[in-house]
Amino acid sequence: MDSKELSEYLKNIKQSVDDFDSPEHARSAVEAITPIAEQGNAQAQYWLGMYYYTFYSEDSSRFLSWMERAADGNNLKAIKFLADYYRFICDDMEPEQRKPLGRKWLYRMIEVLTKKADKGVVSAAKSLMNLFVHDRPDDMTEKEGRDVALMWYERLIEILRAKAEKGTAKDKKNLADTLYYELGVPEEIVSYLPDRTDEATRLYEEISTEKKDGASYVDLAQTYSSEGNEEKAFECYMKAAEAGYTDAYYNVAAAYLDGEGVKRDFDKAFEWFQKASDSGDTYAKLKLAECYKRGAGCNRDYAAAMALYQQVAGGKSSKRDSFVDVAEYEIGNMYLKGLGVEVDLHKAYDYFKLAASHDNRAAENALNNKKFRDLKR
């Protein structure tokens with residue numbers, strides 16, 4: 001059997017194990033890969049272990065023997081299975097018997113991951129960092145686990161730096177995103193990390209110079225903004241927007257509206273909110289509706305504002321959170337105050353109640369208005 005055929009068999013056994021309704025399919029795949037497993041293929045051994053665990057879990061000797069053989073071949077999935085099995089699943093052994101076995105396999109997993117990380121494998125360093133926060137050995141205190149996790153964070157940064165120095169813009173971005181956004185970093189250790197915004201900014205500057213694309217300009221803008229340099233941030237947002245990067249349209253509009261990094265200009269704010277809204281940005285629709293209500297950069301138009309709120313209340317956007325509750329609250333407010341519509345307490349109450357059911361605090365407070373006293377009965 002060549003490597004392609006083996007890969008297909010392994011794929012079949014995985015699909016069969018995942019599909020509890022097809023044990024016959026699983027058995028045929030098992031018959032095909034058993035000789036491969038017996039020859040020492042750790043991946044095949046692991047999937048045989050999964051097969052016997054799935055369909056014959058009452059006989060632990062059948063799946064454990066294959067899992068242990070796979071683990072002896074350094075199959076990481078098998079090692080993790082054994083660590084989790086003895087710590088959380090096994091119920092036919094006394095705690096004092098299975099506890100050291102669970103610890104043994106967890107430390108074995110740490111050993112295998114450490115060897116991978118020492119070879120510069122990013123995913124292994126990330127896994128170790130998270131493991132010592134969320135799944136640390138039971139003979140280690142929370143503080144000890146956190147300290148080791150912080151050590152692996154620093155090792156992760158070293159690995160990413162080495163790749164960034166020799167690699168592409170993508171490698172630089174991986175490093176910058178980890179430094180600035182703490183991507184993949186457990187929130188439990190974020191407050192203990194040093195501030196490396198300067199390094200992230202330098203990397204984003206290099207990336208944007210190389211790529212000149214909208215996403216890179218937005219990354220750079222956000223680091224400038226966090227440093228308090230709103231003028232440079234606006235320049236980057238504008239470059240991104242002018243390059244057609246729709247996610248930057250809202251940022252440009254907000255800068256013009258608030259006068260951050262650029263002179264306040266309601267007309268331009270309205271123009272960019274319109275562009276962002278047309279691109280499908282839900283929050284921009286809400287801000288555009290606010291402009292219509294205030295007459296900021298346009299003639300006051302309550303009907304246009306209501307139409308936008310109705311759009312948001314009636315649908316969802318893939319670009320931002322749906323903000324359905326905000327739109328429902330605003331519609332209720334317009335009926336309450338008679339903005340472009342006749343005052344209608346029943347409709348106002350209904351929309352506030354809808355918004356409150358979506359956890360909108362302002363709507364919850366609005367429902368306490370004495371005008372709704374009779375409607376609550």
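This is a short talk on charged residues and their salt bridges in one structure. The model is predicted, so please keep that in mind throughout.

I'll start with the salt bridges. The count for this model comes to 18. Take R161 and E199: their closest N and O atoms are 2.9 Å apart, and the two form a salt bridge. R161 sits in helix α8, residues 142-166, while E199 sits in helix α11, so this bridge ties together parts that are 38 residues apart in sequence. Is E199 buried or exposed? E199 is buried, because its relative accessible area is 17% and the cut-off for buried is under 20%. Its partner R161, at 25%, is partly exposed.

Staying in α11, there is a second pair. E206 bridges to R202, with 3.0 Å between the closest N and O atoms. Both residues belong to helix α11 and lie 4 residues apart, about one turn of the helix. E206 is partly exposed at 29% relative accessible area, and R202 is partly exposed at 39%.

Helix α16 has a pair with that spacing too: E290 and R294 are 4 residues apart there, about one turn of the helix. Their side chains meet in a salt bridge at 3.2 Å, N to O. Relative accessibility is 27% for E290, which counts as partly exposed, and 43% for R294, also partly exposed. Elsewhere, K80, D84, R87 and D135 are joined into one network by salt bridges that share partners.

Now to a charge without a bridge. K285 is in helix α16, which covers residues 282-294. What is the nearest side chain of opposite charge to K285? That is D278, 5.9 Å away, and K285 has no salt bridge although it is buried. A salt bridge needs the nitrogen and the carboxyl oxygen within 4 Å. Setting aside neighbours within four places in sequence, K285 contacts S277, L308, Q311 and V312.

Next, the surface. D195, D198, E205 and E227 form a negative patch. Of these, D195 lies in the loop between α10 (187-190) and α11 (197-211), and D195 is exposed, with 67% relative accessible area.

Two more aspartates to finish. D213 is in the loop between α11 and α12 and is partly exposed at 23% relative accessibility. Its C-alpha is 9.8 Å from that of A241, 28 residues apart along the chain. D258, in helix α14, is partly exposed at 42%. D258 and A26 are 62 Å apart, C-alpha to C-alpha, and 232 residues apart in sequence.

Conventions: Residues are numbered from 1 along each chain as its sequence is written. This is a predicted model: local features need pLDDT of at least 70, side-chain atom pairs count only at pLDDT 80 or more; totals for chains, interfaces and linings use all residues. Side-chain values use heavy atoms; hydrogens and water are left out. Patches are made of residues with over 30% relative accessible area and no salt bridge: like charges are joined within 9 Å, nonpolar side chains (Val, Leu, Ile, Met, Phe, Trp, Tyr) within 5 Å. Accessible areas come from the Shrake-Rupley method with a 1.4 Å probe; for residues, only the protein chains shown count as cover. Lys and Arg count as positive and Asp and Glu as negative; His and the chain ends are not counted. The place of a charge is taken as NZ of Lys, CZ of Arg, CG of Asp or CD of Glu. Helices (H or I, at least four residues) and strands (E, at least two) are DSSP runs, numbered from the N terminus. Buried means under 20% relative accessible area, exposed over 50%, partly exposed in between (1.4 Å probe, protein chains only). Contact means heavy atoms within 4.5 Å.
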